[in-house]
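Welcome to a set of short exercises with worked solutions. Have the structure open as you read, and try each task before you look at its solution.

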Amino acid sequence: MTDAAATHTQPVWRGLDRAALDRAYDARGTVADYDAEAAAYDRASAAAIASLERRADIVFDPASGSALDLYPAGPGAPVFLWVHGGYWRALSKDQNAFVAPALVAAGISVAVIDYTLAPAVTLEEITRQTRAALAFLWHRADDLGIDRTRIYIGGSSAGGHLVGMLLAADGWRAQAGLPEDVIRGAVALSGLYDLQPVRLCRVNDWLGLDAARAHALSPLHAIPSRSAEACPLITSYGGSETAEFKRQTDDYRAAWQSFGHPATHIPMDACNHFDIARRIGEPGNPLSDAVIRLVGS
């Protein structure tokens with residue numbers, strides 16, 4: 001056996017060898033037809049764009065040119081900032097408009113953001129752009145017609161990781177001139193909160209993380225202590241997802257609660273890694289109902 005072959009058959013993370021870890025973080029491998037899932041994103045997003053008022057392509061970060069689409073629900077409405085998934089290297093705001101219909105109908109404005117994709121930029125830069133979007137919503141709330149005291153965030157998969165980085169206690173909010181309690185609640189679906197196993201599998205081919213950077217970019221290690229008002233968190237994942245994706249969410253939720261924050265898990269066993277995100281935009285299911293209750297509380 002060659003040294004390279006031995007590396008792939010030796011445990012590298014929690015008893016998993018490299019091949020098993022690659023499978024554990026292969027989201028597309030958990031569905032029968034990824035192309036069909038992507039097409040469903042496109043259809044639902046096209047329908048949302050056609051049916052809702054849309055303020056498109058608002059540049060929130062002049063340095064990168066990254067922009068957001070705002071789906072307004074009326075003057076002074078709360079706003080839900082949605083961060084798309086795609087393993088930090090795929091998808092866009094135009095393919096994630098599907099999240100808006102049920103929320104706008106409930107009186108919640110929705111902002112769907114873009115960010116520059118890996119490997120063109122580092123994960124640090126993607127995190128910076130995502131944080132710039134939140135800062136933009138708070139600083140420009142009056143111009144945008146939203147309530148800066150009721151900003152909520154959500155994301156799925158890589159977007160769930162970026163939600164964790166928005167919540168992270170690393171001093172970034174003070175540096176951006178934001179109050180510590182700027183985020184009133186968060187929704188994280190099928191996210192990645194500890195990047196050490198991620199850097200040990202094929203995903204690192206486009207992230208290029210080392211151990212130190214993976215630690216620094218892991219929301220699990222940067223949970224804020226409870227302040228005067230705790231931040232409620234909703235988590236969920238699909239029933240057909242891998243054990244590692246489920247563990248990541250369960251571990252993050254437990255850690256969030258251990259710091260004194262409230263958290264609720266919404267079982268969505270009939271969903272997969274991809275279609276679970278679309279449920280937020282569809283009225284009358286447990287996940288969209290929970291998000292609407294979160295914002296309305």
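Which residues of H7 are buried?

**Solution to this warm-up**

Before we start, note that this is a predicted model, in which local features need pLDDT of at least 70, side-chain atom pairs count only at pLDDT 80 or more, and totals for chains, interfaces and linings use all residues. Residues are numbered from 1 along each chain as its sequence is written, and side-chain values use heavy atoms, with hydrogens and water left out.

Step 1. Fix the terms: buried means under 20% relative accessible area, exposed over 50%, and partly exposed in between, with a 1.4 Å probe and protein chains only. Helices (H or I, at least four residues) and strands (E, at least two) are DSSP runs, numbered from the N terminus.

Step 2. Read off the buried residues of H7: Ala158, Gly159, Gly160, His161, Leu162, Val163, Gly164, Met165, Leu166 and Leu167.

Step 3. Draw the conclusion: helix H7 (residues 158–167) is largely enclosed by the rest of the structure, because ten of its ten residues are buried.

**Exercise 1. Find the partner of Arg54 in strand E4, and describe the surroundings of both residues.**

Step 1. A salt bridge is a side-chain nitrogen of Lys or Arg within 4 Å of a carboxyl oxygen of Asp or Glu. Side chains of opposite charge can pair when their charged atoms come close.

Step 2. Arg54 forms a salt bridge with Asp69, with 2.7 Å from N to O. This pair links distant parts of the chain, 15 residues apart: Arg54 is in the loop between helix H3 (34–51) and strand E3 (55–61), and Asp69 is in strand E4 (residues 66–71).

Step 3. Compare the accessibility values: Arg54 is partly exposed at 29%, whereas Asp69 is buried at 0%.

Step 4. Widen the view. A network of salt bridges links Arg54, Asp57, Asp69, Lys93 and Asp94, and the whole structure has 21 salt bridges.

**Exercise 2. Are Asp142 and Asp143 buried or exposed, and which residues do they pair with?**

Step 1. Asp143 is exposed at 52% relative accessibility. Its salt-bridge partner is Arg140, and their closest N and O atoms are 2.9 Å apart. Arg140 is partly exposed, at 38%.

Step 2. Asp142 is exposed too, with a relative accessible area of 63%. The side chain of Asp142 meets that of Arg148 in a salt bridge of 3.4 Å, N to O. Arg148 counts as partly exposed, at 24%.

**Exercise 3. Describe how E3 and E4 are arranged.**

Step 1. Two strands pair if DSSP finds at least two bridges between them. Here four bridges join E3 to E4, and the two run antiparallel.

Step 2. Look at the end of the pairing, where Asp61 stands opposite Ser66 in E4. The hairpin has four residues between the strands, and Gly65 in this hairpin takes a positive phi near 80 degrees.

Step 3. Pick one residue of strand E4, Ala67. Ala67 is buried at 9%. Its C-alpha atom is 7.6 Å from that of Tyr115, 48 residues apart along the chain.

**Exercise 4. Look for unusual backbone geometry in the loops.**

Step 1. Recall the usual case: most residues other than glycine have a negative phi, and most peptide bonds are trans.

Step 2. In the loop between strand E5 (77–83) and helix H4 (101–105) you find Trp88, which has a positive phi of about 65 degrees although it is not a glycine. Trp88 is buried, at 0% relative accessibility.

Step 3. Leu91 is also in the loop between E5 and H4, and its phi is positive, near 75 degrees.

Step 4. For a cis peptide bond, go to Ala118 and Pro119, where omega is about 5 degrees. Pro119 sits in the loop between strand E6 (109–113) and helix H5 (123–139).

**Exercise 5. Which residues line the largest cavity?**

Step 1. On a 1 Å grid over the protein atoms alone, a cavity is a set of points where a 1.4 Å probe fits but cannot get out, and lining residues have an atom within 4 Å of a point.

Step 2. The lining consists of Tyr193, Asp194, Leu220, Arg247, Gln248, Asp251 and Tyr252.

Definitions and conventions. 1 Å grid on protein atoms, 1.4 Å probe; cavity = no way out; pocket = protein on both sides within 12 Å on 5 of 7 lines; lining within 4 Å.
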